[in-house]
Amino acid sequence: MTPLLSVRSLTKRYGARIGCADVSFDLWPGEVLGIVGESGSGKSTLLNCLAGHQAPDAGQVLFDTRAEGPRDTVTMSEPERRMLGRTDWAFVHQHARDGLRMGVSAGGNVGERLMSVGARHYGDIRAAAADWLGRVEIDTGRIDDRPTQFSGGMQQRLQIARNLVSGPRLVFMDEPTGGLDVSVQARLLDLLRGLVRDMGLSAIVVTHDLAVVRLLAHRLMVMKDGHVVETGLTDQVLDDPQHAYTQLLVSSVLQV
Ligand code: ADP
Ligand code: MG
């Protein structure tokens, strides 16, 4: 089997400051990888380099494309990368406003994504949008409402619908439950877990919240100062952390 994503020595600096350094890993089809670490450890930088939102200074990101097998997305042309972004990848932002068009109706937000991959028939698009609103537990009667009229949790669920409707093969998530009330977080996590399982999604989830990866991720990567300090199966890393920094990370959560 070929990894869906094969990352080799990925490095990104901001001047003298390290964003992420020498990161390597494989992501297998159907696998959910969690990336944890405290604020400033390089999680977002890494995710943005993987998703083609930022250009790394060095390293390779080999993505197993449908047509040609593994291709380095770092060196491919911008239009090719943008196309993959529409057809194969999805990106769930921490703040729904970064991943939604706030001036467009809920149905339009979902439908727009379908149109970007070639859907043309209005009735089909509207039916698919209504179906997806239901799947993310948004009343389909609100299909013509704008996200500005939605609560934070609903906006985040709409962003997830917009991202998954096109059937991506790899989903990037940056703090998908960050900034939401605790009760809303739990419901969103449940929903995400169900979708990931039912769709057999491959995903990379960045978070500082270990409860998120405990529920979602098969495997964990722990980052500190841009470097990966520990990697392993989620339960193994959380229950028996080997690196001193991971022990600190885990214990500080257990104390709260
Ligand atoms: P995390 O997502 O884990 O909080 P980031 O990837 O945002 O970490 O940041 C990693 C490091 O890179 C931090 O030291 C941060 O200050 C720095 N950094 C991130 N983005 C920029 C930027 N645009 N310009 C300069 N430094 C940045
Ligand atoms: Mg971040």
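In which helix is arginine 126 found? In this predicted model, arginine 126 belongs to helix α5, which spans residues 122-135. With a relative accessible area of 32%, arginine 126 is classed as partly exposed, because that class covers values between the 20% limit for buried residues and the 50% limit for exposed ones. Once neighbours within four places in sequence are set aside, the contacts of arginine 126 are with Ile143 and Asp144. Arginine 126 also lies 6.8 Å from glycine 107, C-alpha to C-alpha, although 19 residues separate the two in sequence.

Glycine 107 itself is part of helix α4 (residues 106-116), where the buried residues are Ala106, Gly107, Asn109, Val110, Gly111, Arg113 and Leu114. These buried residues of α4 pack against α2 (78-87), β6 (89-92), α5 and α6. Just beyond α4, glycine 118 adopts a positive phi of about 110°.

Helix α6, one of the packing partners of α4, comprises residues 152-164 and contains asparagine 163. Asparagine 163 has a relative accessibility of 4% and therefore counts as buried, since the limit for that class is 20%. The side chain of asparagine 163 comes to 2.9 Å from the backbone nitrogen of phenylalanine 91. With neighbours up to four places away in sequence left aside, asparagine 163 is in contact with Ala90, Phe91, Val92, Arg113 and Pro168; of these partners, Arg113 is among the buried residues of α4.

The nonpolar interior was examined next. The largest nonpolar core holds 46 residues, and those with the most contacts inside it are Val110, Trp132, Val136, Leu158, Ile160, Val171 and Met173. Helix α7, running from residue 182 to residue 199, makes the greatest contribution to this core, with six residues. A second core, separate from the largest one, consists of 27 residues, among them Leu10, Cys20, Val61 and Leu84. Within the largest core, tryptophan 132 is one of the residues with the most contacts, and, when residues up to four places away in sequence are not counted, tryptophan 132 touches Val110, Ala161, Leu164, Val165, Leu195 and Met199.

Helix α7 also carries arginine 197. At a relative accessibility of 61%, arginine 197 is classed as exposed, because the threshold for that class is 50%. The C-alpha atom of arginine 197 is separated by 9.9 Å from that of glutamate 31, a residue 166 positions away along the chain.

Attention then turned to the surroundings of ligand 1. The residues around ligand 1 are Tyr14, Arg17, Ile18, Gly19, Glu38, Ser39, Gly40, Ser41, Gly42, Lys43, Ser44 and Thr45. By class, this shell is made up of two nonpolar, seven polar and three charged residues. Polar side-chain atoms of arginine 17 and lysine 43 each lie 2.8 Å from an oxygen atom of ligand 1, and a polar side-chain atom of threonine 45 lies 2.5 Å from an oxygen atom of the ligand. Taken alone, ligand 1 exposes 560 Å², of which the protein buries 62%. The elements that supply two or more residues to the shell are β2 (17-27) and α1 (43-50).

Helix α1 is itself mostly covered, seven of its eight residues being buried. These buried residues are Lys43, Thr45, Leu46, Leu47, Asn48, Cys49 and Leu50, and two of the names in this list, Lys43 and Thr45, also appear in the shell around ligand 1. After α1 comes glycine 52, which has a positive phi near 80°.

Positive phi values were also found at residues other than glycine. Serine 9, which is not a glycine, has a positive phi of about 50° and is placed in strand β1 (residues 5-14). Serine 9 is partly exposed, its relative accessible area being 35%. Glutamate 175, likewise not a glycine, has a positive phi of about 50°, but its place is in the loop between β7 (170-174) and α7. Glutamate 175 has a relative accessible area of 11% and is therefore buried, given that the limit for that class is 20%.

Terms used: Residues numbered from 1 in each chain as written. Chains lettered and ligands numbered in written order. Predicted model: local features only at pLDDT ≥ 70, side-chain atom pairs only at ≥ 80, totals over all residues. Heavy atoms only, no water. Core = buried A, V, L, I, M, F, W, Y, C linked by side-chain atoms within 4.5 Å. Buried < 20%, exposed > 50% of the residue type's maximum accessible area, 1.4 Å probe, protein only. Helix = DSSP H or I, 4+ residues; strand = E, 2+ residues; numbered from the N terminus. Contact = heavy atoms within 4.5 Å. Near = heavy atom within 4 Å. Polar contact = N/O pair within 3.5 Å; in protein donor to acceptor, adjacent residues only side chain to side chain. Areas by Shrake-Rupley, 256 points an atom, 1.4 Å probe, with all protein chains shown as cover. Nonpolar A, V, L, I, M, F, W, Y, C, P; charged D, E, K, R; others polar.
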